[in-house]
Amino acid sequence: MAALYEGYTLCALLKTPNSLVSGINGIEVDSDIDHVVVTDSTRSVTLYKVSDQKPLGSWTLKQGQSLSCPAVYNAGTKEYVSVSDGKVIRVWKAEDLLLDKAFKATLSANVWRVHAVPGGGLFVLFVRGAVRLLDDVLAAPQQPIEEVLGQEENIRSVATVTAETQHFVIFTTEQNSCHFLYVQRLKPNSLQKFSLEPQGPAPQEAQAPLSFSACYQEGHIRLLCLYPDGHVYQSLVSMRGPPALPPGGAAPLPRTQLLGLHVGGALLEAASAIYLDDCHVAVVGAPHPAAGPDFLCIWNTNFQTLQAGKEIPGKVYGQLWSYAGKLFIPHGRSLTVIPYECPTSSLATALGKLKRAGSRVPACVPSWSSLLDGRTPSDLIESSQNIGRAGPHGVFVQTATVEAVQREVEALLSRADPQDLNPWLGQLACSLVSRSSTDPPFYPASGLAALVRTGSLCHSVCPELLLLALEKRDYLLAQLCLQAFPDVPENITCCCLKTFLSAPEAEVQTACLEPSSLSFMETHSAPQRGIELNGFTSTGGGPDPEKPSSPPIHTCPLGVHKAVLLNEVIQTPYSDAFLLPHLKDLSPQQLMLFLQYLHFLYLQYSQDSFKQEDKSIAPTLTQIMDWVCLLLDAHFTVLVMTPEARGLLVNLHIFVRSQVRFCSELGKLEGSLQEIQTLRRQKEMGQYCIQVIKIF
């Protein structure tokens with residue numbers, strides 16, 4: 001699962017007259033991955049060692065001059081190259097002290113960017129769209145440069161891609177609110193032009209992409225565009241496509257929606273999205289789905305899950321760079337480096353460390369693309385009309401009574417297959433939750449429970465539903481959400497845990513929970529006597545024939561209903577790294593009560609006669625032990641200093657000691673078992689034989 005680690009400041013940002021810009025013109029990698037070249041928006045270039053966060057060299061232009069594009073490092077010649085005042089190429093070495101004394105050449109046309117291509121040298125992209133090799137340009141600086149772009153067409157963003165042995169310079173342009181994409185192949189030179197689909201309510205209101213990123217994968221160049229409305233689109237350009245421009249101008253570039261970010265009803269102003277690998281995308285400047293604005297998030301595009309998030313304090317400028325497992329983000333008044341990790345993804349790790357041992361509700365998570373695009377399947381016209389009447393923008397949901405809404409939900413679910421109605425069920429649930437939050441008397445409990453039971457909802461689709469259930473003390477709905485949602489964030493899981501532990505027993509006992517869960521706990525929460533752990537009693541290291549004693553009676557420290565709710569929390573998928581900080585918020589009383597309940601469950605599961613028939617009703621022994629370890633890690637100091645915890649810690653120590661002794665005894669049997677295998681090979685038993693072997 002992807003992770004973001006603690007960041008650190010690389011340098012401070014310069015003050016600029018325009019508060020909307022960061023003052024950073026660009027960041028490029030230097031001779032190795034631990035060195036970067038930072039170019040500010042005025043006239044300075046600085047070389048930093050990232051691991052030490054200190055500058056190793058700096059070069060500055062004279063007052064009145066300015067750098068037009070970021071400086072890049074030429075690995076072949078071990079020189080730095082940049083452009084000043086639009087068309088003056090400057091080349092210098094690390095030992096040069098003054099840029100004015102370094103080599104410079106004035107070109108015949110303005111330059112947009114200089115790009116360093118790994119193994120391919122340096123290329124110059126001119127403002128009017130021409131691409132030339134730097135060595136060819138410096139050989140004849142005043143050579144005429146052709147114009148590739150049309151009238152009033154300007155470059156907006158640029159990227160380079162190395163695919164196998166070929167190199168590409170890719171840039172987007174804008175002309176009269178229309179957006180185009182150029183793919184310039186280098187060696188041999190060829191150019192492709194594509195038109196980008198307009199994004200917005202009308203062609204005349206088309207939105208310009210906020211960011212543009214490119215990478216290579218499996219014979220295609222993948223292009224990533226983030227738009228102000230939160231939509232992230234991906235397009236594929238084949239490396240074996242037509243090399244020449246199509247007759248009549250630009251070929252349309254198909255696209256598919258990769259992500260639909262929640263923007264809270266407003267357009268994004270400063271945000272960026274870049275590829276991290278083939279299935280992870282980093283986004284900065286967009287709101288976190290459950291926490292707030294201005295976050296850095298890593299999304300898994302294969303599973304449509306948010307895997308890591310970190311709040312970015314101060315103003316975010318919509319700039320983001322990635323080199324060697326580190327993200328570079330200017331925000332506030334500093335440039336921050338945040339290390340990240342994107343291991344190979346699987347569905348289990350995308351949804352958390354643990355999965356439920358079983359599931360009574362099929363987890364059918366709707367597609368983000370269909371949900372956010374609002375597309376209606378042609379074979380559900382009648383159903384969509386009915387749903388539209390109860391949709392999030394309909395008058396019915398906003399004005400009807402609780403009874404009317406619940407009848408409509410029941411009728412809706414009976415008319416069509418819930419899996420075919422996924423997008424509208426999510427919108428309907430969000431509308432009901434929104435009205436319940438603003439109109440306290442309105443709360444369709446049974447309608448919301450029916451929507452959750454369809455298996456068509458998840459926390460990402462309706463993030464406020466579980467919190468609303470906790471606020472309304474609707475324990476049945478909270479139980480159903482914990483069972484059905486595979487993507488509950490760790491902070492919400494801990495919030496559920498604290499709510500259940502602090503709720504009065506009398507209040508919880510009146511809740512109507514799932515009958516199967518209640519029946520299971522009623523059966524196993526009765527006082528038990530004579531518990532043995534694989535032949536070893538829980539009160540000592542093992543059976544002592546000389547000191548016969550009656551084993552103690554173990555009782556559940558909680559009521560049946562509260563125990564059922566805690567079982568759901570224990571089975572909820574989670575990640576250790578994200579859950580552990582939130583567990584530290586538990587009070588000592590809540591911690592002791594939860595540990596006592598986990599201890600009771602451990603006793604029940606350790607009985608030789610215990611049989612768990614349905615793994616989806618109660619947690620497994622592994623899950624119980626994982627939670628015990630997490631609580632001990634989060635509250636070790638508190639438990640050591642709390643006198644009331646001494647007895648519980650002693651009991652846990654006894655259990656560990658008994659299991660160690662049991663494993664030791666098993667090790668002693670290894671020789672006997674090997675001898676049995678030897679005897680069976682030496683003696684032929686015939687067609688049928690029964691042997692009784694007494695080991696001890």
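# Notebook: strands, cores and salt bridges

I began with a single pair of residues and noted that Arg-222 stands opposite Leu-236 in strand S20. I should record at once that I am reading a predicted model, and I keep that in mind for every entry below.

**Entry 1, the hairpin around S20.** I looked up the two strands that hold this pair, and found that S19, which covers residues 220-226, pairs with S20 in the antiparallel sense over seven bridges. Four residues lie between the strands of this hairpin, and in it Gly-230 takes a positive phi near 90°. I then asked which other strand is joined to S20 by bridges. The strand I found is S22 (residues 256-260), which runs antiparallel to S20 and is joined to it by four bridges. As one example of this pairing, I wrote down Gln-234, whose bridge partner in S22 is Thr-256. I also checked how covered S20 is, and of its eight residues, spanning 231-238, six are buried, so that I call the strand mostly covered.

**Entry 2, an open sheet.** Next I followed a sheet of five strands, which is open, has mixed pairing, and runs in the order S14-S15-S16-S17-S21. Why do S14 and S21 each have one side without a neighbour in the sheet? Strand S14 (154-163) and strand S21 (251-252) stand at the edges, and each has a single partner strand, so one side of each is left free of a neighbour in the sheet. Inside the order, I looked at S15 (residues 166-175) and S16 (residues 178-186), which pair in the antiparallel sense over nine bridges. There I noted Ile-170, whose bridge partner in S16 is Val-183.

**Entry 3, the cores.** I turned to the nonpolar residues, remembering that in soluble globular proteins nonpolar side chains tend to be buried together. The largest nonpolar core has 83 residues, and those with the most contacts inside it are Leu-465, Phe-500, Leu-583, Tyr-597 and Trp-627. Helix H16, which runs over residues 588-605, gives the most to this core, with nine residues. Apart from this core lies another, of 19 residues, and among them I listed Ala-159, Phe-194, Cys-225 and Tyr-227. I then took Trp-627 for a closer look and asked which residues this tryptophan touches, not counting those up to four places away in sequence. My list for Trp-627 is Leu-497, Val-569, Ile-570, Tyr-574, Leu-579, Leu-583, Phe-594 and Leu-598.

**Entry 4, a glycine in a loop.** I found Gly-23 in the loop between strand S2 (8-12) and strand S3 (24-29). Is Gly-23 buried or exposed? Its relative accessibility is 5%, and because buried means under 20%, Gly-23 counts as buried. Not counting residues up to four places away in sequence, Gly-23 touches Thr-16, Asp-40 and Ser-41. I also noted that Gly-23 and Tyr-317 are 294 residues apart along the chain, while their C-alpha atoms are separated by 9.6 Å.

**Entry 5, salt bridges.** Side chains of opposite charge can pair when their charged atoms come close, and I counted 12 salt bridges in the structure. In one of them Arg-132 meets Glu-146, with the closest N and O atoms 2.5 Å apart. This pair links distant parts of the chain, with Arg-132 in strand S13 (residues 131-133) and Glu-146 in the loop between helix H1 (134-139) and S14. Glu-146 is partly exposed, at a relative accessible area of 39%.

A further salt bridge joins the side chains of Lys-562 and Glu-505, at 3.9 Å from N to O. Here Lys-562 sits in helix H14 (residues 560-571) and Glu-505 in helix H12, 57 residues apart. I compared the cover of the two partners: Lys-562 counts as buried at 3% relative accessibility, whereas Glu-505 is partly exposed at 29%. Helix H12 also holds Glu-507, which forms a salt bridge with Arg-473 (3.3 Å, N to O). In that pair Arg-473 is partly exposed at 40%, and Glu-507 is partly exposed at 31%.

**Entry 6, the chain as a whole.** To close, I noted that the protein chain has 20 helices and 31 strands, and that 51% of its 696 residues count as buried. Its accessible surface comes to about 32900 Å², and 54% of that belongs to carbon and sulfur atoms.

Definitions and conventions:
Residues are numbered from 1 along each chain as its sequence is written. This is a predicted model: local features need pLDDT of at least 70, side-chain atom pairs count only at pLDDT 80 or more; totals for chains, interfaces and linings use all residues. Side-chain values use heavy atoms; hydrogens and water are left out. A nonpolar core is a set of buried Ala, Val, Leu, Ile, Met, Phe, Trp, Tyr and Cys residues joined through side-chain atoms within 4.5 Å. Buried means under 20% relative accessible area, exposed over 50%, partly exposed in between (1.4 Å probe, protein chains only). Contact means heavy atoms within 4.5 Å. Two strands pair if DSSP finds at least two bridges between them. Accessible areas come from the Shrake-Rupley method with a 1.4 Å probe; for residues, only the protein chains shown count as cover. A salt bridge is a side-chain nitrogen of Lys or Arg within 4 Å of a carboxyl oxygen of Asp or Glu.
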